[in-house]
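Thank you all for coming. I would like to walk you through one structure this morning, going from single residues to the ligand site and then to the interior.

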Amino acid sequence: MTTGFPNFDSKSARLFERAKHVMPGGSTRNQTYFPPHMVYAREAQGCRMRDIDGNELIDFHNNYCVTILGHQHPDVVDAITEQAKRLTCSALATEQEVELAEIVCARNESFEKIRFVVTGSEAVMNAMKAARAFTGKSKIAKCEGVYHGSNDFAEVSLDPTPQNWGQGRQKSVGFSEGVPAGLLDSMVVIPFNDAAAARTILEAHADDLAGVLLDLVPARCGGHPASPEFIAMLREFTSSNGALLIVDEVITLRMAYGGAQEWLGVTPDLTTMGKIIGGGMPVGGLAGRADIMEMFDATNGKPAVPQSGTFTAHPLTMAAGVATMNAYDHEAVDRLNALGERTRSQLREAIAAAGFEGQVTGQSSIFIMTFSTEPLTDYRAVYRATSDRHHRIVAALHPKLVNRGVLISAWGLGCLSTPMTGAEIDHLSEAVQESLIEIREEMDG
Ligand SMILES: Cc1ncc(COP(=O)(O)O)c(C=O)c1O
């Protein structure tokens, strides 16, 4: 069974034409577009979605690793439905907010106190504000090429090129055009997993450094975990220089019951999170040391960081989050991580069987396919490894997978949800193998 993608006579293709009249590029979210036309979702159940033409897709995308329980999990649907019947939106706090805070804080001792926001980007923004307020310093360091959401500061050096990334030492490069120079100066960029080089850069900014923002398993640096040496250096350097270690677990919280920090044995000062904790509803969270989280306490007048927001701790999100985090228990985490191992291993076999050189990286329930054998050690290594050939293969692979009923991200990243079994992994690896064989024939021909 194929979905017949792309199909310019489909409802999706026609809707995309309509959309282009009212939205730049036909959408309000760039990631939903992949060439040659958008596919519009209609409904979903478990790990399967149906588009508006009635085609079925196994969802290995999960909205960039959000829908950990898949779609329409009965507990989540019940929680949202019951909450919607009672109260959807209000200027009073709800019991569900307290309940979700208790559930998340109980998962890791480093989460002493928590605040909710609406997106992971907002969580990162507030973490940076808290770090500046708590330390009285202005600069934040981040690893080159790593995604921490869409605020201007976090986007610094997200996609630099050899033309602008700086020789030797990393340089702060704006992501959007028009980023003010002062903002670039307030960010310090370090290489991922190179403890010695990163330390040298941090030392030059030590007096001004408020915090270091770290994704422990950054997909854009190859999907390998931060090394013990790198983590130890950052932990020691921040502690002894009056700066905070902020671990961004917006994606990685799924990797262990207490997040990737539990698995990799690091205790940050602050942790940002999002995605799975909202059960498919918009969410972000910022947790950490109680003395730092006091920066947000408004019970004694204006706090150091006056964080708020109309939709913060939205009752529907809190209700969905409670149901989701209760269901994503130790057993579910372990089962999904084991299925992730199997997925990466089957994908490696599929790539080799199709006659391609490549690697499948990622951790726990996340996989990333890269069509190169170069080691993926940091952003620059990934940049070099994913030159033309990789991009051509991934660009050709994506529509062929959609045609075979498989949805992953357009750049080769995918993830699992708890309703998946070996049958879905078999479907994925067969679809990858068949698609790659077709691609090889087209490349050879
Ligand atoms: C590590 C990391 N931080 C922050 C974000 C931003 O989260 P959101 O898209 O909810 O703003 C993301 C989103 O993918 C992420 O992967």
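**Backbone, ligand site and core**

Asn63 is partly exposed, with a relative accessible area of 36%, where buried means under 20% relative accessible area, exposed over 50% and partly exposed in between, using a 1.4 Å probe and the protein chains only. Please keep in mind that this is a predicted model, in which local features need pLDDT of at least 70 and side-chain atom pairs count only at pLDDT 80 or more, while totals for chains, interfaces and linings use all residues. Residues are numbered from 1 along each chain as its sequence is written, and side-chain values use heavy atoms, with hydrogens and water left out.

Asn63 lies in helix H2, residues 62-65, helices being DSSP runs of H or I with at least four residues and strands E runs of at least two, numbered from the N terminus. Although Asn63 is not a glycine, it has a positive phi of about 50 degrees. Lys275, also not a glycine, has a positive phi of about 45 degrees, and is found in the loop between strand S9 (270-274) and strand S10 (284-288).

What does Lys275 lie 2.8 Å from? A polar side-chain atom of Lys275 lies at that distance from an oxygen atom of the ligand, and this is a polar contact, meaning a pair of N or O atoms within 3.5 Å. An oxygen atom of the ligand is also 2.8 Å from a polar backbone atom of Gly120, and a nitrogen atom of the ligand is 2.7 Å from an N or O atom in the side chain of Asp248. Taken alone the ligand exposes 390 Å², of which the protein buries 82%, the areas coming from the Shrake-Rupley method with a 1.4 Å probe.

Turning to the interior, the largest nonpolar core has 56 residues, and Phe60, Ile277 and Phe371 are among those with the most contacts inside it; such a core is a set of buried Ala, Val, Leu, Ile, Met, Phe, Trp, Tyr and Cys residues joined through side-chain atoms within 4.5 Å. Domain 1 (11-68 + 330-444) and domain 2 (74-327) both give residues to this core, so it lies between them, with the domain bounds coming from an automatic or database domain assignment. A second, separate core of 37 residues includes Cys65, Cys143, Val146 and Trp165.

Note on methods:
Polar contact = N/O pair within 3.5 Å; in protein donor to acceptor, adjacent residues only side chain to side chain.
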